[in-house]
Every structure is written in C-alpha cells, then in structure tokens.
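Student: Got a minute to go through this one with me? Pull it up and let's start from a single residue.

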Amino acid sequence: MTTPPNKNNRTFVVNGSQVNKSTDPTTQAALAKYQFLYSLAGLVLGLASIIGGIYLFIQGVNGATDWSLKLLGSESNIVQAAPGAILFVVGLFMVFVTRYKYKHIVAK
C-alpha cells in the first residue's frame, strides 16, 4: 500500500535529485551540492577506469573475458574481450550512470 503524495513530500532518485520548488532554499543548495559531488566522484572514477582500460589495451595485456548481463529487459554481451576493453566499458557505464541530474518538480 502506498501513501498518497502530499505537499511536503520530497522525491529522491538514485542518479538524480527531484525537489519540490517550495523546499527550503538551503536544503535545495545542499542537495545540489551533494549531487554534484556524487557526479564528480563518478566522473573521476569512470575516467580512471577508461584511462586504465586504454592503458591495458595499449600495453597488450592478453586474456579473454566473457561478459553477459541482463538487466531490466536490456541485454549486454561481450565475448572474448581483453581486460582493457572490459575496464573501458565499465568506465563508460560509471560516467553515464553518475551524470549530474537536478530537477525541480511541482507538488501534486
């Protein structure tokens, strides 16, 4: 059973913040700041993974890795990939998932 939304209800999404416009401005600033820090950390770690993957690929690190992922109706298959390629894809995923999203919503 869900509770009906009310005027003071605030919504927080995993990779983004959705805040009611009537929320206290200091709370909005704090949420925006922490969302920015989360996004910046994800960007730094993702770029480190991407650069690490490129480095491994250039150095010629050998190996074979199979990747099969099914999530929420989406499917990803990577067959016989080098470790650098896997690290590169993981880095791209991290950058995409942690991108900055902050949005005002209107209470219903």
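Tutor: Sure. Let's begin with leucine 56, which sits in helix H1. Keep in mind that this is a predicted model.

Student: Is leucine 56 buried, exposed or partly exposed?

Tutor: Partly exposed, since its relative accessible area is 24% and buried would need under 20%.

Student: And how far apart are the C-alpha atoms of leucine 56 and phenylalanine 88?

Tutor: They are separated by 9.5 Å, with the two positions 32 residues apart in chain numbering terms: 32 residues apart along the chain.

Student: OK, zoom out. How many helices and strands are in the chain?

Tutor: The chain has 2 helices and 5 strands. Going along the sequence, they come in the order β-β-α-β-β-α-β.

Student: What share of the residues is buried?

Tutor: Of the 108 residues in the chain, 19% are buried.

Student: Back to H1. What does it reach from its first C-alpha to its last?

Tutor: H1 reaches 50 Å with its 35 residues, close to the 51 Å you would expect at 1.5 Å a residue. Right after H1 comes glycine 60, with a positive phi near 80°.

Student: Which residues of H1 are buried?

Tutor: Gln28, Ala32, Gln35, Ser39, Gly42, Gly46, Ser49, Ile50, Gly52 and Gly53.

Student: What about valine 44, buried or exposed?

Tutor: Valine 44 is in H1 too, which covers residues 25-59. It counts as exposed because its relative accessibility is 51%, and the cut-off for exposed is over 50%.

Student: Which residues form the nonpolar patch on the surface?

Tutor: Val44 is one of them, along with Tyr34, Phe36, Leu37, Leu40, Leu43, Leu47, Ile51 and Tyr100. Together they have about 860 Å² of accessible area.

Student: Switching to H2. What span should its residues give, and what do the end C-alpha atoms show?

Tutor: H2 runs over residues 83-97, and its 15 residues should span 21 Å at 1.5 Å a residue. The end C-alpha atoms are 21 Å apart, so the two agree.

Student: Which residues of H2 are buried?

Tutor: Gly84, Ile86 and Gly91. They cover an arc of only 160° around the axis, so they lie on the same side of H2.

Student: And which residues are exposed on the other side of H2?

Tutor: Phe93 and Phe96 are exposed there.

Student: Why would residues three or four places apart in an α-helix point the same way?

Tutor: Because an α-helix has 3.6 residues a turn.

Student: Now the strands. How many bridges join E3 to E4?

Tutor: There are 6 bridges, and the two strands run antiparallel, with E3 at residues 65-71 and E4 at residues 74-81. Lysine 70 stands opposite glutamate 75 of E4, and tryptophan 67 has isoleucine 78 in E4 as its bridge partner.

Student: What's in the turn of that hairpin?

Tutor: The hairpin has 2 residues between the strands, and leucine 72 takes a positive phi near 50°.

Student: How many of the 7 residues of E3 are buried?

Tutor: The number is 0, so E3 lies largely in the open.

Student: Last one: alanine 81, buried or exposed?

Tutor: Alanine 81 belongs to E4, and it counts as buried because its relative accessibility is 8%. Its C-alpha lies 8.3 Å from the C-alpha of tryptophan 67, and the two residues are 14 residues apart along the chain.

Note on methods
Residues are numbered from 1 along each chain as its sequence is written. This is a predicted model: local features need pLDDT of at least 70, side-chain atom pairs count only at pLDDT 80 or more; totals for chains, interfaces and linings use all residues. Side-chain values use heavy atoms; hydrogens and water are left out. Patches are made of residues with over 30% relative accessible area and no salt bridge: like charges are joined within 9 Å, nonpolar side chains (Val, Leu, Ile, Met, Phe, Trp, Tyr) within 5 Å. Accessible areas come from the Shrake-Rupley method with a 1.4 Å probe; for residues, only the protein chains shown count as cover. A salt bridge is a side-chain nitrogen of Lys or Arg within 4 Å of a carboxyl oxygen of Asp or Glu. Helices (H or I, at least four residues) and strands (E, at least two) are DSSP runs, numbered from the N terminus. Buried means under 20% relative accessible area, exposed over 50%, partly exposed in between (1.4 Å probe, protein chains only). Two strands pair if DSSP finds at least two bridges between them. The expected span of a helix is 1.5 Å times one less than its number of residues. The arc is that of the directions from the helix axis to the C-beta atoms.
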